[in-house]
Amino acid sequence: MLLLFDIDGTLLQGAAGTHLDALFAAIRAVHGIDPAALESKVATPGRTDGEIARAILIRAGVSATRIDERASEVLAECSRLYAELCTDDLSHTLLPGNRELLEWLSGRDGVRLSLVTGNYEAVARIKLRRATIGHYFPAGQGGFGSDSEDRAALPPIARRRAGEGGVSYRRERTIVIGDTPRDIACAHADELRCFAVTTGGYDAAALSGADAILPNAAGLRARLERTLDTVPR
């Protein structure tokens with residue numbers, strides 16, 4: 001099984017503030033636009049970094065052409081600033097039970113851990129490394145906000161990277177794990193299952209489209225154990 005984890009609200013809680021500060025600072029540096037000064041705010045949960053930046057800049061009157069031309073600059077500046085601004089130790093942001101969950105999963109035969117996150121990859125890797133769980137998620141795998149602004153495009157990217165011989169990892173053996181309706185939507189857009197946890201900002205009613213809804217890492221482990229035990233070898 002290929003398990004594609006979201007980060008903020010799913011694995012970590014409280015690590016997104018500095019990340020958003022870095023993204024806003026990058027937008028100011030590259031475009032001269034202050035996101036905090038805009039009257040209309042952009043809802044960020046579940047969105048990719050590039051999508052957030054684009055929504056802010058469009059509201060500020062920046063043309064789509066200009067946004068496209070400088071998207072790589074925003075990505076690079078955000079990644080650089082996050083490395084500077086982020087505290088060296090994010091272990092306190094790891095949600096209860098997730099370390100034990102990842103350790104258990106990493107020890108199971110036939111389980112592959114990967115990521116589908118709206119974070120730019122450089123930001124995601126720093127965040128997980130400083131939260132002391134980066135080693136569970138191998139380099140060269142996953143789908144990130146630096147791959148596409150469209151979150152729905154990320155699971156296919158992650159499955160392709162996890163595949164072999166030019167064949168993507170099988171849909172029926174892939175599960176997205178997240179905490180927002182956008183995690184559910186991106187999974188179902190690729191015809192994948194999604195297990196949702198209510199550890200982020202959404203309750204069970206808001207996550208009703210998921211294939212399973214769990215309250216925490218312990219509930220997720222129990223659900224995954226039943227699922228993994230039924231997978232043919």
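Two residues are in contact when they have heavy atoms within 4.5 Å of each other, and with that in mind we can look at this predicted model. Of the contacts in the protein chain with a separation of 6 or more, 68% are between residues 24 or more positions apart.

Let me begin with the overall picture. The protein chain has eight helices and five strands, and from the N terminus on the elements run β-α-α-α-α-β-α-α-β-α-β-β-α. The C-alpha atoms fill a box of roughly 55 × 35 × 35 Å along the principal axes. For 233 residues, a compact globule would have a radius of gyration near 17 Å, and because the protein chain has 17 Å, the two agree. Buried residues make up 51% of the chain.

Now to the strands. They form an open sheet of five, in the order β2-β1-β3-β4-β5, with parallel pairing. The edges are β2, residues 112-115, and β5, residues 212-214, each of which pairs on one side only. On average, and ignoring direction, neighbouring strands of the sheet are turned by 25 degrees against each other.

I would like to stay with strand β1 for a moment, since you can follow it residue by residue. Strand β1, residues 2-5, is joined by four bridges to the parallel strand β3, residues 174-178, and β1 also pairs with β2 in the parallel sense, again over four bridges. Taking single residues, L2 has R112 as its bridge partner in β2, L4 has V176 as its partner in β3, and F5 stands opposite I177 in β3. In a regular strand the side chains alternate between the two faces of the sheet. What do we find on the two faces of β1? Both are covered, with L2 and L4 buried on one side and L3 and F5 buried on the other.

That leads us to the nonpolar core. The largest one has 58 residues, and L3, F5, L105 and L224 are those with the most contacts inside it. Helix α1, residues 16-31, gives the largest share of this core, namely six residues. Apart from this core lies another, of 17 residues, including A158, A162, I184 and A187. If we return to L105 and leave out residues up to four places away in sequence, we see that L105 touches L3, F5, V111, L113, L224 and L228.

Next, please look at the cysteines. How many disulfides does the model have? The count comes to zero. The sulfur of C186 has its closest cysteine sulfur in C194, but the distance is 7.0 Å, so the two are too far apart for a bond, given that a disulfide requires sulfur atoms within 2.5 Å. C186 is buried, with a relative accessible area of 2%, and C194 likewise counts as buried, at 0% relative accessibility.

Finally, let me turn to a loop residue. T87 is found in the loop between α3, residues 64-85, and α4, residues 98-106. Is T87 buried or partly exposed? Its relative accessible area is 42%, so T87 is partly exposed. T87 and R130 are 43 residues apart in sequence, while their C-alpha atoms are 7.9 Å apart in space.

Notes. Residues are numbered from 1 along each chain as its sequence is written. This is a predicted model: local features need pLDDT of at least 70, side-chain atom pairs count only at pLDDT 80 or more; totals for chains, interfaces and linings use all residues. Side-chain values use heavy atoms; hydrogens and water are left out. A nonpolar core is a set of buried Ala, Val, Leu, Ile, Met, Phe, Trp, Tyr and Cys residues joined through side-chain atoms within 4.5 Å. Buried means under 20% relative accessible area, exposed over 50%, partly exposed in between (1.4 Å probe, protein chains only). Two strands pair if DSSP finds at least two bridges between them. Axes are lines fitted to C-alpha atoms, for helices over the stretch in contact, and angles run from 0 to 180 degrees between N-to-C directions. The radius of gyration is taken over C-alpha atoms; the globule rule is 2.2 Å times the number of residues to the power 0.38.
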